[in-house]
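Welcome! Here is a short tour for anyone opening this model for the first time. Keep the 3D view at hand as you read.

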Amino acid sequence: MPGPVAVRLTINGTPREGRCEPRKLLVDFLREDLGLTGTHVGCEHGICGACTILVNGEAARSCIMLAVQAEGSEIVTVEGLARDGRLHPLQEAFREHHGLQCGFCTPGMLLAALDFLRMHPDPTESQIREGLSAVLCRCTGYQGIVNAVKAAAPVLRGGEHRP
Amino acid sequence: MKPPRFEYHAPTTTEEALGLLARYGGEAKVLAGGQSLMPLLNFRLVRPAALIDLNRIAALAYIREVDGQVRFGAMTRQRAVEFSPVVRQRLPLLTEATRWVGHLPIRTRGTIGGSIAHADPAAEYPAVLTALDGEVVARSARGERTLRPRDLFQTYLTTTLESDEILTEVRLPAMPAGAGYAFEEFARRHGDFAIVGIAALIALEGRRVVRARLATAGAHPVPCRLRAAEEILERDGLNDEAIAAAAARAGELVEPDSDIHASADYRRHLTGVLTARALKRARARAGER
């Protein structure tokens, strides 16, 4: 049967490398092989969105992608959002507007919201709700999350924030 | 909830992929965007000997205008379709339908060819392919053939693609300038599979409907062209009475099944309701361009 293969990729700006079986899911590779446990595993079949990360700048679910498929790609996880001890403006907005309760969906929410705001820099509330329907919050604390994304939109439009 | 073992191949050319597929003689699965196949693997509902991953074949991702058609490489991401100016201009029905395909993070990976080859009866792209009467190109090491939707979709999750064939291209005829269109869908939550969806296209000359096209998602084992409803509109025009008659006929043309999400009767009812809504929105748009 197939043995481990090398996977080289860039995560949060840093080149990383690991070895895994071809069947290993990207989210498990991030967590188990690279020790990046910020990305959460929820449903494991592409429904809940907790494992959402950025792949080459675009949000994708890391539980329905193989680690080998990420070879050569640039990944951003929740660990890559804060810089120099300062939260990303979207994280600030989540804190300010009570955009999290238990926090389990938060990493996926943040990355999905970042991609959404890049594609829709000045969204209406209904666009935000449609965009955020990609991630489930089982605390059902959506109102705070919607408020946070609404508040973050003008901040992200106004400044140079990476990613 | 982890995939079973498989041999993994990531060819960089279509020829190489076709060679591999032939070699495994039906024991391999083709991996496109993975938004349906990966969950099936995680649940171990499928256990292929090998995966042939098309994601490294750059030549399978493109959007081109050719002879009045828009042609899509099978690996064109749904996200690329969603934001394509060519699609917005030539196939606005497809742009509108794409917003109903899962969510943006799903569309990042999901592909137009994968969605059609998977043939989920509730999926949006098979309905659009059927409404526009487009075609797909299937290639194998033996050669190439083109298939119309009625020759492609057999039943739930089942197409006439052979085990050594790969769906390589989707061809949709550009919509006539000024055509009215709408994609209507009802799902419990945005991004869920449709309980019922309706794709509608209306081409007018003056007040006369020269072409009406209606197709379903979720209401039938395969996308269903509602030809008898189209004929009512082509004969009687787009007044409210004709729309009501076409909608009532639409509900009679489908043979839905009951499942955990909705009963067959409810789906039949929705088919009529959404057909009327789609036609009214299409009527309001007709002549816009």
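In this predicted model, B:A199 makes a good starting point: beyond its neighbours within four places in sequence, B:A199 is in contact with B:L93, B:A97, B:A127, B:V128, B:A131, B:F183 and B:A215. B:A199 is also among the residues with the most contacts inside the largest nonpolar core, which has 143 residues. The others named for that core are A:A113, B:L93, B:V128, B:A200, B:L201 and B:I202.

**The three-stranded sheet of chain B**

- The strands β11, β12 and β13 of chain B form an open sheet in that order, with antiparallel pairing.
- Which strands stand at the edges? They are β11 (180-186) and β13 (208-217) of chain B; each has a single partner strand, so one side of each is left without a neighbour in the sheet.
- On average, neighbouring strands of this sheet are turned by 10 degrees against each other, direction ignored.
- Between β11(B) and β12(B), the latter covering residues 196-205, there are 7 bridges, and the two strands run antiparallel.
- To see one such pair up close, find B:E185, whose bridge partner in β12(B) is B:G197.
- Helix α8 of chain B, residues 124-131, lies across β11, β12 and β13 of chain B. The helix runs at about 155 degrees to β13(B).

**A hairpin and its further partner in chain B**

- Strands β4 (residues 63-66) and β5 (residues 69-73) of chain B run antiparallel and are joined by 4 bridges.
- Together β4(B) and β5(B) form a hairpin, with 2 residues between them. In the turn, B:D67 has a positive phi of about 50 degrees.
- Within this pairing, B:E65 stands opposite B:V70 in β5(B).
- β5(B) also pairs with strand β10 (residues 166-173) of chain B, in the antiparallel sense and over 5 bridges. Here B:V70 appears again, with B:L172 as its bridge partner in β10(B).

**A buried loop residue in chain B**

- B:A122 sits in the loop between α7 (112-118) and α8 of chain B.
- Is B:A122 buried or exposed? B:A122 has 22 C-beta neighbours inside 10 Å, so it counts as buried.
- Setting aside neighbours within four places in sequence, B:A122 is in contact with B:F193, B:A194, B:A217 and B:G218.
- B:A122 and B:H220 are 98 residues apart along the chain, and their C-alpha atoms are separated by 8.4 Å.

**Where the two chains meet**

- The contact takes 26 residues from chain A and 24 residues from chain B.
- Which elements of chain A give two or more residues to the side that touches chain B? They are β4 (58-61), α3 (106-119) and α4 (125-132) of chain A.
- By class, that side of chain A has 13 nonpolar, 7 polar and 6 charged residues.

**Three residues to visit in chain A**

- A:E44 is found in the loop between α1 (26-33) and β3 (52-55) of chain A. Although A:E44 is not a glycine, it has a positive phi of about 60 degrees. A:E44 counts as buried because it has 21 C-beta neighbours inside 10 Å.
- A:D84 lies in the loop between β5 (74-76) and α2 (89-96) of chain A. Phi of A:D84 is near 50 degrees, a positive value in a residue other than glycine. A:D84 counts as exposed because it has 4 C-beta neighbours inside 10 Å.
- A:Q91 has its place in helix α2 of chain A. With 19 C-beta neighbours inside 10 Å, A:Q91 counts as partly exposed. Not counting residues up to four places away in sequence, A:Q91 touches A:L81, A:A82 and A:L110. From A:Q91 to A:M119 is 28 residues in sequence and 18 Å in space, C-alpha to C-alpha.

**Confidence in the prediction**

- For chain B the mean pLDDT is 96, and 99% of its residues reach 70 or more.
- The predictor gives the complex an ipTM of 0.95 and a pTM of 0.96.

How values were computed. Residues are numbered from 1 along each chain as its sequence is written. Chains are lettered from A and ligands numbered from 1 in the order in which they are written. This is a predicted model: local features need pLDDT of at least 70, side-chain atom pairs count only at pLDDT 80 or more; totals for chains, interfaces and linings use all residues. A nonpolar core is a set of buried Ala, Val, Leu, Ile, Met, Phe, Trp, Tyr and Cys residues joined through C-beta atoms within 7 Å. A residue is buried if 20 or more other C-beta atoms lie within 10 Å of its own, exposed if 12 or fewer, and partly exposed in between; C-beta atoms are placed from the backbone. Two residues are in contact if their C-beta atoms, placed from the backbone, lie within 7 Å. Ala, Val, Leu, Ile, Met, Phe, Trp, Tyr, Cys and Pro count as nonpolar, Asp, Glu, Lys and Arg as charged, and the others, Gly among them, as polar. Two strands pair if DSSP finds at least two bridges between them. Axes are lines fitted to C-alpha atoms, for helices over the stretch in contact, and angles run from 0 to 180 degrees between N-to-C directions. pLDDT is the predictor's confidence in each residue, from 0 to 100.
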